[in-house]
Amino acid sequence: MLEFKSNRRGLFTALALLLAPLISGSSLAAEPADAFAHPPELEPDVRFWIRVYTEVTTDQGLLHDDWNLGLVYEVLRFDPADSPRQRERIVAQAKAHYAELLRRFASGATDNVTAHERRILHAFGEKTTPAQFRDAIERIRFQLGQADRFHEGLLRAQAYEANISRVLTDRGVPAEIGALPHVESSFNPAAYSRVGAAGLWQFMPGTARRYMRVDSLVDQRLDPYSATEAAANLMLYNYRLLGSWPLAVTAYNHGPGGLRRAQEELGTNNIAVIVKRYQGATFGFASRNFYVAFLAALEVDRNAEKYFGPLTHLPDAQSTVVVLPDYIPVDALAKAFKADLGALRVLNPALRPPIWNKARFVPRGYALRIPGTPQASDIAEAWARLPPAMRYLVQRNDGPHRARRGETPASIAAASGVALSRLLAANGWSGTRELARGEVVRIPMPASRAEAAAPGAATPATATPAIATPAIAAPAAAAAPPAMAAAVPVEAPAEAAIARLPPPPKEPVSERQAESTALLPAAAPTGNADATDYGVGPGNTVVVQATETLGHFADWSKVSSQSLRALNKLHKNAMVTLGHKVKLDLSRVSAAQFEAVRRDYHRRLQEAFFATHRISGTENYVVKRGESLWIIAQQRADLPVWLVAQYNPDVDFADVRPGSVIALPRVEGINRQ
């Protein structure tokens, strides 16, 4: 059956786009007083997504125009037994049918049409040109319904909404953001997308590592509590950079750098103008629709019974957090706390397979969630049941190791956290020896506290677990692990790299395919959370960023430092400083090549830092007389200048004045073992 919605403001949004520059004093040019108000220009799009979330299931879908969401060609219905291939064929046939219809309209053949076809014709408007009909052929898109998934998400959300509400309130983030997991994952903490995002809040690895631990042993993206802390900090970062909550939400999908470019290009913070007018190369369907899909999810979440009737409330599950002081086998923890191993696994989804298959220990400092709400005395008794022989001072790394150039038995023993004597004994060596490159060395089990306390061994300090306030209600109200840091969205790639992006994923046509993706198709991310502009500007100029030197610019452009000094009329001892503009000699490399190498340098620098650090929040700092960015950063251990600059992109650090207020990220060291 054909369906349509008329658009009396002209062909799709064309008229709105033409009028926008002429009505800059209207609501299009000003941020609404309500941080999450619905701009009138976006209402048809919001209604489209409400329909997707409440009326159309994953056995159905809407064939629609991807720009004017008010134009729905047909509701396609599938047999639940249809395979994805069969569904794809049905969608392809429907697209071909309407493409042929639009070609007929373009040719002027508008007689002898059915009532449904006439309604589609009228939806385009009376002054539609043949070229506009032909252009619409490329915009025919299929959207799989999500009503059944959204309903399931509403039920799952009950377990997390209280914790999300508490975290957002504590961070000063609007409560509305709590609806975002409906769009991202249907509140499934185990969700994985086809582009590598994971968890309730669908963090990409590169972004997540700024705020959480993500490695082969622990992936806190899958822990809804840690991930919620990170999502709140990420939203604060986006808001600080963009100054608007609608843009901060959109940046969660598109990246803050891309949204800053949109602001600069269009000269506005207004989400409606940006959604309808911004033509960034990677600002595609997902990015354009992310905010309206969020508004739709918020509406449905707040009025769930209106759309789905009475909801079944799930029983509360109770849990308590215990922070481990040692490295401990997971089965030993289960035995000590009299917990079912399966229940522990459900409560601790961040622990990866090497932990559960006993190849590695649960890391020291990990906030282990255990079932129930035991008293402090119960926790102490459980800890007493855990023998010192099951508490290790370093992570288990037993197994073969291939010696690298320059390594010795002593250096390998030190790196592995085992005594040299144990390493020698495990390999049958009577004394130290030289190692050939590639030689296999067996790493023994590390020393336990029992062994460390044996006669002749240094007595380790007594360690007991830190007990978080017990959870007395649902997991959502449980004491969450310590703040695991703030996050930054995925940055869009450089314009020159667009051609190298993989093709967008196919539109999901089945629930099975939709399970591995967000309700919206993800944007094409680079995994780089840095919103700094590393592009080459007019006249082959660049703005110096933190850690960059003239030598870097010379290396990246394959010219000598002397030639760059001459080009910029710099004295031989003069240094370039943060925020200054430098002219490049791009006679040997293109601007795109220079940008690619420059971005890669900063990516590697930042990845190395976030391998051992995370951001746990921010604080405002008032600059004192005589202070510079360098002095402020040096006063705080592990706070690099480039990170301070990222949190203050509009501050001229070459001329920062006493009394100025800047944002400082709070950085914590983390143990990756």
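1. Let's start with one pair of residues: P371, in strand β5, is the bridge partner of S319. Keep in mind as you look around that this is a predicted model. The two strands behind that pair are β4, residues 319-323, and β5, and they run antiparallel to each other over five bridges. If you're wondering what holds such partners together, strands of a sheet pair through backbone hydrogen bonds, and the pairing can be parallel or antiparallel.

2. Stay with β5 for a moment. How many of the five residues of strand β5 are buried? Four of them are, so the strand, residues 367-371, is largely enclosed by the rest of the structure.

3. Now zoom out to the whole chain. It has 28 helices and 12 strands, and of its 673 residues, 52% are buried. Take the contacts between residues at least 6 apart in sequence: 75% of these join residues at least 24 apart.

4. A304 gives you a case of this on a small scale. You'll find A304 in helix α15, which covers residues 304-308. Is A304 buried or exposed? Its relative accessible area is 9%, and under 20% counts as buried, so A304 is buried. Setting aside neighbours within four places in sequence, A304 touches L154, G309 and L311. L154 is worth a look: it sits 150 residues from A304 in sequence, yet their C-alpha atoms are 7.8 Å apart.

5. Next, have a look at the open sheet made of three strands. Their order is β2-β1-β3, and the pairing is antiparallel. Why is one side of β2 and of β3 left without a neighbour in the sheet? Both strands, β2 (72-77) and β3 (140-144), stand at the edges and have a single partner strand each, so one side of each has no neighbour there. From one strand to the next, the twist averages 20°.

6. Zooming in on that sheet, β1 (residues 60-65) pairs with β3 in the antiparallel sense, with five bridges between them. One spot to find on screen is L62, which stands opposite Q143 of β3. A helix also packs on this sheet: α3, residues 84-107, touches β1, β2 and β3, and its direction makes about 145° with that of β3.

7. Helices pack on each other too, and α12 is a handy one to follow. Helix α10 (residues 224-242) and helix α12 (residues 256-266) have axes that come within 10 Å and cross at roughly 20°. Angles under 35 degrees count as roughly parallel, so that is how α10 and α12 lie to each other. Their crossing is right-handed. On the α10 side the contact uses Y237, N238, L241 and L242, and on the α12 side P256, L259, R260 and Q263. Sorted by class, that makes five nonpolar, two polar and one charged residues.

8. Helix α12 has another partner in α11 (residues 245-254). What angle do the axes of α11 and α12 cross at? It is roughly 130°, and the axes come within 7 Å. That makes α11 oblique to α12. From α11, the contact takes in L247, T250, A251 and H254, while α12 contributes P256, G258, L259 and Q263. By class, there are four nonpolar, four polar and no charged residues in this contact.

Conventions: Residues numbered from 1 in each chain as written. Predicted model: local features only at pLDDT ≥ 70, side-chain atom pairs only at ≥ 80, totals over all residues. Heavy atoms only, no water. Helix = DSSP H or I, 4+ residues; strand = E, 2+ residues; numbered from the N terminus. Buried < 20%, exposed > 50% of the residue type's maximum accessible area, 1.4 Å probe, protein only. Contact = heavy atoms within 4.5 Å. Pairing = 2+ DSSP bridges. Axes fitted to C-alpha atoms, helices over the stretch in contact; angles between N-to-C directions. Parallel < 35°, antiparallel > 145°, perpendicular 65-115°, else oblique. Left-handed = near helix turned anticlockwise from the far one by under 90°. Nonpolar A, V, L, I, M, F, W, Y, C, P; charged D, E, K, R; others polar.
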